[in-house]
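Subject: Structure handover

Hello,

Here is the structure I promised to pass on. Please open it first, then read my notes below.

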Amino acid sequence: MISPVKIWRRQKVIRASLGKKGVIVSWTKIYTPPKEFKKSAPYYVVLVKFFTGGLMVGQLVDFLAEDEVQIGKPVIAVLRKTRDLDQDGVIAYGLKFKLI
Amino acid sequence: MVEIIGYHTTRFGEWWEESLFSLINQTYTGILKQTQLDKKQIDAVFFSNMLAGVLENNLHLTAKLAELLGNNIPIFRIESACASGGVAFFLAFNYLKANPNKTVLVIGAEKMTDFSPEQTTTALISAASGEEQEAGLSFPGLYAMLAQVYLQKYQATEEDLAYVAYKNHYHGSLNDKAHFQKKVSLSNILNSAYIAYPLKVFDCAPISDGACALLLTNKKNTYQLPAVRVLASEVATDTISLTKRQRLDEIKATKIAAEKAFRAALLSRKDIQLAEVHDCFTIAEILALEDLGFWPKGQGGKKARELSTLIGRGEFVVNTSGGLKAGGHPVGATGIKQLGEIYLQLTHQAQKRQLKKISYGLAHNVGGSGGTAVVTILGV
Amino acid sequence: MVGIVDYGFYLPLYRIKIAEIASVWGKKSEDIQSNLNIQEKAVAGSDEDSLTMAYEAAVMAFSQNNLAKKIQAVLFGSETPAYAVNPTSTILAEFLGIEGNYFATDLQFACKAGTGGLITSFGLIESGRVDFVLTVAADKANSKPHDALEYTTGAGAVALVVGKDDLILQLIDYQTFSSDTPDFWRRDGMRYPSHSGRFTGKPGYFKHIKSATEQLLKKTHLTPSQFKAVVFHMPNGKFPQQIALSLGFVDRQITPSLVVPYLGNSYTASALMGLMAVLDTAKPNDLILLTSYGSGAGADSFVFKVTKNINLRLKKFFSWIKRKKYINYPSYLKFTASF
């Protein structure tokens, strides 16, 4: 259960990183997810170093083939739904990454 | 001078018939019986547990313990994710340094199997940052990312990691309190399913129930019990998020705590015969042995393959208890168990896994992905 | 003067072949493909929705200008908005950095909520009260497994920046035709829409598009042959061709905009997506006619004139949609959360 107020506070933080580019510094493929991510398993999570500095983690989406996921590949931060929350709760939008 | 004068543990594993508090009761009555102490002789209790709040909506555990113990002494609950046990011990140790003529109990306990693996995975990730949770990471996922960096940077392989699991399961087969007591072959390990690439089932510590307790005292010549001296106990912290760490190929908190502990104990690495290190995942043991200063940075893969820390091979053995891997990882109990194992070894009570020569032992307990580290050195 | 200043679009990466869906239900795929004139359709990922797609389209619309800061109204049209009650337009605005003194509203009118937004935008600009409007059409269309709609429901978004100067498409005129016609609907609380089968054809789609378009041609004194391209709402690959021919247009005018055979029907974004395709080869002074259709029912018809600015803001629709990944039916069910 995530408070809608918390989701609201996160928005400006998310907005600040949307569209930022960086490289993959590490990655993994999750086969046993926490319960709010069941529906998208298995999925890739990448650790990204932004060109402007700083690191961030997020799922990697929209790659054509699994062997494209490698340390060193460039990525961009995009807006997607993140957690699968209750049907009657606020939708959690957040950051994920796409290969560029 | 603070000494450990007693240790009791339940077996770690799946305890369907037992609740968190019945497990605590088991180890509490067990240690009193073993040491022949009366509960009136206990001056304070330090209790380590991570998940009772998240999983069972049970907090104020100290009052619950008071109900169990039936007295009105001070009781403290400590939570530092998987380092809860080590930190509880550190605080008990310092309490005794500050309060003369006391005997305290340190209890660690966890009940994890009442819930589905998914619910437990979700509860455990509370020890990671909000961003890491939002990215859908699990603890295997976090350590998997550390493993990827390590494997790439130092040209180590998944197979190197497997040797860690092989060794710890071998040790587990010698420990009647371990969760898993069967030896496992390298091919079993390498063929097991992925949990979070490149970590497989056998690279990950299991979900276990368990409870254990240590008796500590600063009283001199009071008890006729096998005693072990606490030579040092140090805690260090680091950022909760991997994204804020200085380096991704080490756990800095371990390095700092280890430096402080060896300096306080006036010992060097080669003085240690047994280390119980935090192998929540195989990669964690490799990082631990490098960060603690036993192995040179980057050599871990090679050294793991040599199996030099397997019992009977050399003068420095790691995780005779089976580690977290085979011993089991009831989170709040782990840090206590590590110290208990060293206590048993130093007092020659380790039975089938007894080391012939041992004067000093080191316990290494980590919280989360390295946000907390505790290093404790014990000696006879 | 009023018209479109810049534009953006988004199609998800994934595609499913009609043959794949047909094989699951034991249907003859060749028959379905030829009856509907559709071979594959776009599928949005399970973490995408009308808002995330609208965001991507809007980012493209602002990628070659600084107009995000000048937007004074945000209109969001969809039949699959993020919430039943809660504006998606403000969530979109927030992520685009549009804050405070702006007007926001969500619109729904089946597949023509987007062009309804366009008409509203023109009104806001022509009133003189507003200089720039962002209007977005986005849908992650859903359909019941085994229903006929399963072969055509797609996903996508189109974002248009509407203004009065520096246009790429000048509005010449528009005409709307509305009625109460129950050809396709979804009751509150129901997960999937319902429809009255073939009733959506003549009394629905054809009647409304014909009425609006013919009235617009009359008003503007234009004849079909004067148009470079014509775009119609695309519920399948047959209807647009049929209505085009019956209105007096020829194949080469309709073919460039016919994206449904390989993208499916993105509902509110459908006709506008056809416009996106046409812009790739639009030349200054070309006349483009676009008529959308929304069930329930209504049609919005527009005549646009392409300006010389088109070459400066081209987004290359056809090269963008080339990047795609085919999925199978179980993945399709996962992505559309049909369980």
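A definition to start: two strands pair if DSSP finds at least two bridges between them. Keep in mind that this is a predicted model.

**Strand β1 of chain B**

With that definition, β1(B) pairs with strand β7 (residues 210-217) of chain B. The sense is antiparallel, over six bridges. In this pairing, Glu3(B) stands opposite Thr217(B) of β7(B).

β1(B) has another pairing, with strand β8 (residues 228-237) of chain B. This one is also antiparallel, over two bridges. Here Ile4(B) faces Val228(B) in β8(B) as its opposite residue.

How many of the residues of β1 (residues 3-9) of chain B are buried? Seven of seven, so the strand counts as mostly covered: a residue is buried if 20 or more other C-beta atoms lie within 10 Å of its own.

**Where the chains meet**

Two pairs of chains touch, and chains A and B share the most contacts. Chain B puts 26 residues into that contact, and chain A puts in 24 residues.

On the side of chain B that touches chain A, four elements give two or more residues: α5 (117-124), α6 (130-134), α7 (139-153) and β5 (194-196) of chain B. The most come from α7(B), with six residues. By type, this side of chain B holds 13 nonpolar, nine polar and four charged residues.

What about chain B and chain C? No contact joins them. Their closest C-alpha atoms are 12 Å apart.

Best wishes

Note on methods: Residues numbered from 1 in each chain as written. Chains lettered and ligands numbered in written order. Predicted model: local features only at pLDDT ≥ 70, side-chain atom pairs only at ≥ 80, totals over all residues. Contact = placed C-beta atoms within 7 Å. Nonpolar A, V, L, I, M, F, W, Y, C, P; charged D, E, K, R; others polar. Buried ≥ 20, exposed ≤ 12 C-beta atoms within 10 Å, placed from the backbone.
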